[in-house]
Every structure is written in structure tokens, then in C-alpha cells.
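Subject: A structure for you to look at

Dear colleague,

I am passing on the structure below, and I would be glad if you opened it before reading the notes that follow. I have tried to go slowly, moving from a few pairs of residues to the chain taken as a whole.

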Amino acid sequence: MPQLTRDEAQTRARLIDVHRYEVALDLTRGAERFGSRTVIHFTARTGGDTFVEVRPAELHSVTLDGRPLDPAALDDNRLPLTGLAPGAHELRLEAAMHYSRTGEGMHRFTDPADGESYVYTQMFMDDVQRVFAAFDQPDLKAVFALSVQAPEDWTVLANGRTEHLGEGRWQAALTPLISTYLVAVAAGPWHSVRTEHAGLPFGIHCRRSLAPHLDADAEELLDLTRRCFDRYHEIFTEPYPFDSYDQAFVPEFNAGAMENPGLVTFRDEFVFRSAVTDTERQSRGVTIAHEMAHMWFGDLVTLQWWDDIWLNESFAEYMGYQVLAEATGFTDTWTDFAVARKGWGYDADQRPSTHPVAPTPADVPDTASALLNFDGISYAKGASALRQLVAWMGEKDFLTGINEHFARHRFGNATLADFLDSLARATDRDVHAWAARWLRTTGVDTLTPVVQEAADGTWSVSVEQTGSVDGTRPHRLTIGLYDHDRGTPGELVPREPLSLDVPDDGPHTATGGRPALLLLNDQDLTYAKVRLDPVSWDTVLGALSGLPDPLTRAVVWNAARDMVRDGELAPTAYLDAARAHLPHETDLALVQGVLSFARTQIADAFLPLAERHAALTTLTALSRDILRRTEGPEHGTEAGFRLTAVRAFIDSATTPAGIQDWLDDGSVPGGPRLDPELRWRILARLATLGATTPDAIDAELARDPSATGREGAARCHAALPDPAAKQAAWDALVTTDGEAVLSNYLFTATATGFWAPEQLDLLRPYVDRYFTEVPALAAARGPALATAAGRYAFPTPFVEEDTLRLGEACLTDRDPTPALRRRLLDQLDDLRRALRVRAAAGGA
């Protein structure tokens, strides 16, 4: 499919103004196709030629100003409109469109739990043309009038309030000016919980089989929504710009959520049907706050072209964490950000595929290039940069600039230059210079303390800064100073911290003797890797869990993580620190983050294969330590720690002993009882270890015939160490058409079950097959599936030079699609890093 280029978009925007779309969708034509009729009212400023985008199963008819056009003129996804005269025009198109199975365009899902079907749109970037014809670029905003014909027992949701006219006919309220990619429809026999707040209708919706689980969390979800909504109205002067606020939890959704105005769509795993931790509930809350921020930044004011996608995502990422902390009981969001998101940005920024937070227009020449930038740079690094900007210029001036930006560009489009101009009006700081160093550069700075002690008892510290090839950037940060608590061994007490700008003239001299711990970037206000001096590192090895603030502990754990990745700290030393301190850790986000890194990166990637068993044994022992700490009724509030420890124990088990007993008993001694998520987790581990059978997997699916049960069964069957099971799983993965083709979710489940470090001999023939067969799969099934294939189906257990060689040959010889190429570049760079870390650790 031809990708829209920035030059083409600019040319079209100079030629036409789009005023109104009238879109009629018919969802009653069966399970494969739906009807789409579009009327577009637009004006040509001068005479000229252009095109409209549409990707139909069949284009029935086209008229321009009443004059028929030949549907056969459609060239792939582009229908030429030639010889336009200056003035008003009306374009009419009628088509049949394909439903999607990959979460792009109009996705259709049939729930295996009850046979009910649901459809929803995901129009992002350039997928609106899979649903209706459009001049598909973000700066051609228009008003949308939407009508839908649906089965009689369905409910239709849209960007505005919808009205059922009878006999399955639905009409949505006229939208204000919005971009094509933000139009949304969700239709099906939804279970809905509705309320009203601030004079607006609010609703939450899910498929019927999840109704009891949505009802159980409805008050929490609506309370979070109301609190965030009210907080945004306290900090933004522009009121909420749409006529309702619906949140639909939809099946097989590729992203976490999508900020459609008035109808936010979320992946329906956020409707928890099994036990979750408070940190996971907090993450759901952050997503709610994130998407609501987009109502202003992204929907009210929209990027002009996709080079400024960071303006949407970085801002919403920052506001999601900040507003949730300010408005709700989830007050430790930035600790979770530090341990769960910051590393995503650091990792992405050290790969060859890194890019500036705000790339230049030349770096994003078309939509395919733009799609690659939805990564740890645009989200985690961008949010970190904004947090540093707030620390540097002050929150009051920052919000003043934001509000001016909304007022100047409401219902329009804006660029980075517009955003910086708004901020500059609110402060005497040179935000343009700041942006040049922070937003137009790549790479991560590393900050190292240089501590000197004098004979008179004074000491001094300066900060050594090293950076990327683009040079270093300015940092405003805090240096935490901590001493041993003489009354409580293992505890650390803070001194008055130092605040400084880096680079500076240093060194900074202080009295009172050097502290036991000197920690750069305490409170995590900037984006940089930090190192500890030898005295400070010895202190944290003995007293990390004795630091009083979880965000401080997160900075230390991130420093240790980065040192492992850079080959400066042995992976086993990280495990030793985890074994020593996690049993005493009181912040659940930290426990989850450290255990995840230890299990997926230390054990599976960075340690030589011969040491993996010992690492897994350490992690199961650590999990038992946490379980012992949380035994008994007096620890009932620590259910999240027990659940986290149980998951880690299951995932790290090296024998069936223990976890098979849990599965047979339906419970872990002392709790928790096994819910569907834990049962499938145990069964997947047993399958990997060769300790279960296909019949046992099928029996569990009969017990849990839900969509997630179907995914669990696919994962377990693919994990069995049996040649026939592996061949069947591989055949399912690479099928590109017909009824056997996998949805993205079933593809991901199968792929994650398929590869296992315990099965290298059995899996080795598939390494070469991955690099020879997956490029064609990605080309046939599109960017969403290509991304899943690059992320989940990559042969990650094979940390070998041969894997690297095969991957590099694939990039050179097989011309993978842009989405797959980007994933392969990242995977191969991670592989090189793992090989370096293993070599530094003295093993292969």
C-alpha cells in the first residue's frame, strides 16, 4: 500500500479544505464484510488534482458533484480526483469493506464464551481508509456525521452521544472539528454502566461475558474517571471539548488504549477477571488519566504531521502519572514510572534505532516512518524530558504555557514550534535552547559523582557527565545524602540534599563529613543513567532496603540495572542484591520491576546458559522468602506481594514439584486461591517443563472456555517439548489466510509459548526458519502483526553469534517491511548486548 508522504499531505492541504463527512456504516451484512457509504463536503482553493484514500473489498460507486467516476480508477488505496475547479465539491463513495482480524480498521471479534460478536474501530495513523473513504491526514480536520445500521440487539457507541432510531438504526451527534484518525465506532451487545458527571453522560462498557468483572470494579473506574476529569479542569482553562465521555473495554486491542474523542477504547484485559496487585490497578488508572489528557493534547489540539507525535504521547504520559498522583489515592505513581517505564526509554535510546524525542520533518517522510516512533522514546523519554522541563522552569509557568497553547490552537493543528512559542511566553527561561538540547538529540547521558575528602573534615562533589554523540544536555537534579542510622542497623537517614544544575562550575563543598551514600538524581527528576562512587555502592549493598523513600530506592535499582546492561556489574551481583533486599521491600512496584528484570533479562539473556538453573533457583528461593514474610492474617494487606511472589515462583520453577501440587489443590498454602490467570500460568510452566499433556490442556480449556482461556491453551500447546506440537504451532504462526489464520492475540500467545530456553535442541531448526519465513508473513499480514512477529516470535533464547549472523542476513537479503525491520534491528542489538554481557561475565 502506498504510504502518504509529508510532501503529499502538504500539497493536498494547500489545495483543499475539508468541511464535513457524512458516514453511514451497515454492520448487518455478515461476519466478513460491512457496508460503507461516505459523503465528503470539501472546497478547492484553486484548480488542481488530488486523491482520496479508501481500501475497500469492493468499490461500488463514486460520484463527484453528481458526476460518476470510474471505480476502476482506484489504484491500490488511492482514488484520483482530477481537474478540480475552485469552489465547493461533494464526493460520494459507496463500498463494501473487510472486517479486520488484526486490530486495524474495523475489528470483529466473536466471544468464545457466549458466541456474541463485537466490532470496533482503530483508525490510527492511516487505517480510517479501511472503514470509510477520507482525505486521511491529521491537519484536514472536519465535522463528522455518523449513522450506523446494526443488529437490533446491539448498542452503538461513537465520538458523540448516540441515539437509537429504531430497527437497529443509530445516529451519532455531530462532532466538532476532529482529525480522521480520531473517528471511532464500537458496536455490539455491550454491557454498560452509565452515570453523569459535570453535566455530561459518562459510561463504561465491555462485552457481556465480562459483565460481573466490570461491575465489581465499576465504582473504582468511575471514581478515577471523575477525579481525573475534575483535576484536569483545575489545571486547564479550556473545558472538556466534547459532549460525552465513554470508555469501552474492547477485545483483541493491540495498544493499551486509544484516545478517540468522547469514546476511549481500552484493551479489555483492564477488566480484571483474576486477582491483580494494587500496582496493576494503579497502571490501569494511569492509562485512564493518560487517555483523558489526550482529549486536550491530541484531540482538541492536534499535531500537524506525524513528526510531532511526541507532543501527543509524551504529554499524555507525563500527565497520566502526575494527575493520577494528584487526584487519587495512587500517590506513588512516579516510583512505578521509574522502575517500569524509565528503562524502556533508556533501552530504546541506546539502540541504533534511537531517534530524537522530536524528530525533524525530514526524519518522518511518510506514515510508515511515523509508525515506528511509537516507542520508549516518544513515551518514556519524552515524559521524562517534560518532567525535567517542569523542574527546570517551574510547574506554574509550564501550565501557563500549556493553557496558552490550547487557547491559541483549539480545534486546530500545531507544531513543536507553536508549542515552544507558547511556553516561551510564560517564562524568562530559554525554552528553545532547552528543546534543542533535549528534544532534537539522541542518547542517554551518564552522570558519575567525583567525591573528594579533605583533612579538615570537609568534602566536595562534582559531577562528571558523559553523553551521546550528540553531546550532553543540561540537567537540574537533586543529590541525595544519607548516613547510617546509629540506632537502627541497616537503616539510612537523609541529610539536607544538594540541588544543582549539571553541567556547572563545581565542585560543591560541604561540611559534616562525607555521607555514607551520595545519590545523583535522587527523586528521579531528570533522564540520565547514574553511577555510584565505591563508598556509596558498598553502602547500598548493605542497606538498600533501608532507604526511606521508594523513589530513591528506584533510582538505585535503575543504576544497578544499567550497570548490568553496560557490563559494569555482574548479573549475579544484581541477583544477590535482589535476594538480600527484596524480602524487606515495602513498595510493590519495585518488587515487581526487580523480579521482572531478574527473570527475563538476567536469567534468560545475560547469564551464560550453564548458570541459568542457579539463577532460577535463586529466584524461587527469593519468592519463598517473600511468601514467608507475608504469611498469616496480620499480613492480609500484603496480598499483592504474595501474588507477585507466586507468579515469580511459577515462572522460575525448574521442576514440577510444588506448582503441580498448587494446581491439584487449587490453592497456594496460605493463599491465594488459584484463579484462571494463575492456573494457566502454572500449566504453561508445566508444559515448558514437559510435565503436562495435550489432554490436560484441553481439559483446562473446557474449564475456562473464554477468550483468555483460548489464548492460554494456545500458549500451553506451543510450549510442549514435542516435535509434533512445535510443528503445529509453527504452522499456525506462519499461516497467512483462511480460517486457520491467527488473530494478533492468538499469534502472540502461540509465539510466547513456542520459544523456551529449556528446549534449545528441539527448537534449533526453527531459528533459520524464522528469518526465512517471517518476512513474508509480515508482508502479507500488515504492520500490527509484523510488530508482534518481531517482538514475540523472535528466537530470543538463542543468544548466539549464529542468530546474529542469520538476523543480519535477513535484514540485507529479505527486505523486511518497515515494522518488522525496526523490530529486528532492536532485537539484534539486544542480542549483541547480551553477548557482550555474557562475555564480560566470563561465559558463553
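I begin with two residues inside the model, which is a predicted one: Glu-585 is buried, and Arg-553 is buried as well. Their side chains meet in a salt bridge, with 2.6 Å from N to O. This pair links distant parts of the chain, since Glu-585 sits in the loop between helix H14 (571-581) and helix H15 (588-606), while Arg-553 belongs to helix H13 (residues 550-565), 32 residues apart.

A second salt bridge joins the side chains of Asp-483 and Arg-495, at 2.7 Å from N to O. Asp-483 lies in strand S24 (residues 475-484) and Arg-495 in the loop between strand S25 (492-494) and strand S26 (498-502), so this pair ties together parts that are twelve residues apart in sequence. Asp-483 has a relative accessible area of 22% and is therefore partly exposed, and Arg-495, at 22% relative accessibility, also counts as partly exposed.

A third pair stays within one helix: Asp-625 and Arg-628 both lie in helix H16 (residues 612-629), three residues apart, which is about one turn of the helix. Their side chains meet at 3.3 Å, N to O, in a salt bridge, and Arg-628 counts as exposed because its relative accessibility is 51%.

Elsewhere, Glu-280, Arg-647, Asp-651, Glu-677 and Arg-681 are linked in a network of salt bridges, and the structure holds 59 salt bridges in total.

What, then, is the nearest side chain of opposite charge to the buried Asp-246, which has no salt bridge? It is Arg-194, and the distance is 4.2 Å; a salt bridge needs the nitrogen and the carboxyl oxygen to be within 4 Å, so this pair does not count as one. Asp-246 lies in strand S17 (residues 245-250), and among the residues that it touches are Arg-194, Phe-202, His-205 and Leu-263.

Turning to the whole chain, its secondary structure comes to 27 helices and 29 strands, and 59% of the 844 residues count as buried. A compact globule of 844 residues would have a radius of gyration near 28 Å, and the chain, with 27 Å, agrees with that. Along its principal axes the C-alpha trace spans about 90 × 70 × 55 Å.

With best wishes

Methods:
Residues are numbered from 1 along each chain as its sequence is written. This is a predicted model: local features need pLDDT of at least 70, side-chain atom pairs count only at pLDDT 80 or more; totals for chains, interfaces and linings use all residues. Side-chain values use heavy atoms; hydrogens and water are left out. Helices (H or I, at least four residues) and strands (E, at least two) are DSSP runs, numbered from the N terminus. Buried means under 20% relative accessible area, exposed over 50%, partly exposed in between (1.4 Å probe, protein chains only). Lys and Arg count as positive and Asp and Glu as negative; His and the chain ends are not counted. Contact means heavy atoms within 4.5 Å. The radius of gyration is taken over C-alpha atoms; the globule rule is 2.2 Å times the number of residues to the power 0.38. Lists of a residue's contacts leave out its neighbours within four places in sequence.
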